[in-house]
Amino acid sequence: MQALTPTTSLKSLFQTKRLPNADRVVSTRLLIQCVYRFDSGNLTSSGGIGASRADWQSSCAILASKVVSQQDIEKSGNADISAVNGHKTLDLVPLENLPKPLTITDLSPAPIHGSELRVAYQGVPGAYSEAAAGKAYPNCEAIPCDQFEVAFQAVELWIADRAVLPIENSLGGSIHRNYDLLLRHRLHIVGEVQLPVHHCLLALPGVRKEYLTRVISHPQALAQCELTLTKLGLNVVREAVDDTAGAAEFVAANNLRDTAAIASSRAADLYGMNILADGIQDDSSNVTRFVMLAREPIIPRTDRPFKTSIVFAHDKGTSVLFKVLSAFAFRNISLTKIESRPHRNRPIRVVDDANVGTAKHFEYMFYVDFEASMAEVRAQNALAEVQEFTSFLRVLGSYPMDMTPWCPSRGE
């Protein structure tokens with residue numbers, strides 16, 4: 001078997017055939033090419049079964065991360081999709097070379113799998129993202145990154161196996177930066193985790209609230225505690241920094257006795273700070289949703305609740321949105337999230353009309369999460385229909401939903 005390099009990526013092919021009935025049935029052929037293991041920093045082919053699940057990392061991609069546009073199909077005169085991610089051919093290793101067939105369990109480990117994984121997160125120790133990484137992958141090696149961009153690149157460059165990054169908060173809304181980075185990078189969403197957020201007002205030992213002139217934290221944390229800070233009678237300047245735990249570290253490292261930080265109780269323990277006020281978030285049901293990212297997608301399943309995330313655009317503006325939503329409503333597929341972001345490559349669309357002059361409209365990319373697995377025929381048919389209305393469609397991931405119970409924060 002041919003040796004592989006860390007940049008080797010295996011593809012699968014979605015073929016769409018037009019049938020006389022109302023739906024387009026998508027026939028998915030999963031082409032398993034080879035099995036490899038990571039050994040002493042070099043990626044080599046394996047002729048036997050590894051000693052652990054980590055030795056059997058699958059590179060089987062059943063989701064096309066970039067769907068060929070309908071216009072390209074019409075120009076070619078062929079309704080079949082004949083290219084995936086720009087590759088017109090697939091160099092396949094014969095299936096008989098595999099030592100044994102892989103099972104769904106091998107290819108789609110549970111979200112809690114990965115005690116030996118290296119997981120990147122944005123922030124410093126004590127950040128909520130670190131806690132989310134620990135919830136998603138217990139006993140993992142958490143790797144702090146100073147920026148969201150660095151966490152993405154850490155996975156792409158094989159420095160980390162996964163990244164756990166916040167995508168939305170129940171009070172502060174979407175983290176737009178990460179939505180933009182999902183489109184810019186080629187990572188896949190392989191899971192989600194929801195983490196209750198419990199904010200504390202931290203200061204150096206001996207500092208009292210009336211001494212404070214400034215409070216620093218992440219912009220989302222400041223927004224989530226705005227009303228409570230006012231109720232505490234704090235006439236202070238709010239200043240945004242990169243992350244919550246980083247704010248606590250900054251106050252402690254610079255011995256700032258007029259500045260408090262909003263962060264977790266774990267950050268107080270790590271950086272030797274006192275908790276002046278506990279549970280200062282404006283709403284006790286304060287939850288942040290994180291997504292887990294990997295270089296390769298997982299195999300969708302139907303034995304547990306799944307969620308699928310997509311992003312799409314259309315050359316003719318937002319008029320297509322109703323048709324896209326109808327494709328899901330017709331098949332009784334629930335949407336859990338819809339987010340619009342400016343189209344970075346074409347932010348403005350100009351429309352010339354002799355009667356009304358020149359009109360300018362914003363162009364958008366639409367991010368949609370829906371409750372269905374790509375292993376379900378109804379989800380495949382819905383995306384086949386969506387593809388007919390869009391100029392760009394990409395599946396960001398199909399992954400298990402976080403169904404773990406949680407309790408509201410202790411604060412008021």
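Student: What is the strand order in the open sheet of five strands, and what makes two strands a pair?

Tutor: Two strands pair if DSSP finds at least two bridges between them. Strands (E, at least two residues) and helices (H or I, at least four residues) are themselves DSSP runs, numbered from the N terminus. The order in this sheet is E12-E11-E13-E10-E14, with mixed pairing. Keep in mind that this is a predicted model, in which local features need pLDDT of at least 70, side-chain atom pairs count only at pLDDT 80 or more, and totals for chains, interfaces and linings use all residues. Residues are numbered from 1 along each chain as its sequence is written, and side-chain values use heavy atoms, with hydrogens and water left out.

Student: Why is the pairing called mixed?

Tutor: E11 and E12 pair in the parallel sense over four bridges, and E11 and E13 are also parallel, over three bridges. E10 and E13, however, pair in the antiparallel sense over three bridges. Each of these counts reaches the minimum of the pairing rule, so they qualify as pairs, and both senses occur. You can find the partners in the structure: valine 215 stands opposite arginine 238 in E12, isoleucine 216 opposite alanine 261 in E13, and leucine 201 has isoleucine 262 of E13 as its bridge partner.

Student: What makes a strand of this sheet an edge strand, and which strands are they?

Tutor: An edge strand pairs on one side only, as do strand E12 (237–240) and strand E14 (274–278).

Student: How do you know whether E13 is covered or open?

Tutor: Buried means under 20% relative accessible area, exposed means over 50%, and partly exposed lies in between (1.4 Å probe, protein chains only). Five of the five residues of E13 are buried, which makes the strand mostly covered. Thr259, Ala261 and Ala263 lie on one side and Ala260 and Ile262 on the other. In a regular strand the side chains alternate between the two faces of the sheet.

Student: What tells you that H8 packs on this sheet?

Tutor: Contact means heavy atoms within 4.5 Å, and H8 touches E10, E11 and E13. The direction of H8 makes about 150° with that of E13; axes here are lines fitted to C-alpha atoms, for helices over the stretch in contact, and angles run from 0 to 180 degrees between N-to-C directions.

Student: What makes a group of residues a nonpolar core, and how many residues has the largest one?

Tutor: A nonpolar core is a set of buried Ala, Val, Leu, Ile, Met, Phe, Trp, Tyr and Cys residues joined through side-chain atoms within 4.5 Å. The largest has 33 residues, and those with the most contacts inside it are Leu201, Leu202, Ala248 and Ile262. Elements giving two or more residues to this core include strand E10 (200–203), strand E13 (259–263) and helix H8 (244–253). A second, separate core of 27 residues includes Leu165, Leu181, Leu187 and Leu396.

Student: What is the sense of pairing in the open sheet of four strands?

Tutor: That sheet has the order E17-E20-E16-E21, with antiparallel pairing. Strand E16 (residues 306–313) and E21, for instance, pair over eight bridges, and valine 311 stands opposite arginine 394 in E21. Helix H11 (residues 377–389) packs on this sheet, touching E16, E20 and E21.

Student: How do you know how the span of H11 compares with the expected one?

Tutor: The expected span is 1.5 Å times one less than the number of residues. H11 has 13 residues and reaches 19 Å from its first C-alpha to its last, close to the expected 18 Å. Its buried residues include Ala379, Leu383 and Val386.

Student: Why is glycine 173 called partly exposed?

Tutor: Its relative accessible area is 26%, so glycine 173 falls between the cut-offs for buried and exposed. Glycine 173 sits in strand E8 (residues 173–174) and touches Glu168 and Gln220, not counting residues up to four places away in sequence.

Student: What is the pLDDT of the chain on average, and where does it fall below 50?

Tutor: pLDDT is the predictor's confidence in each residue, from 0 to 100. The chain averages 75, and 65% of the residues score at least 70. Values are below 50 over residues 1–98 and over residues 106–114, which means that the predictor's own confidence there lies in the lower half of its scale.
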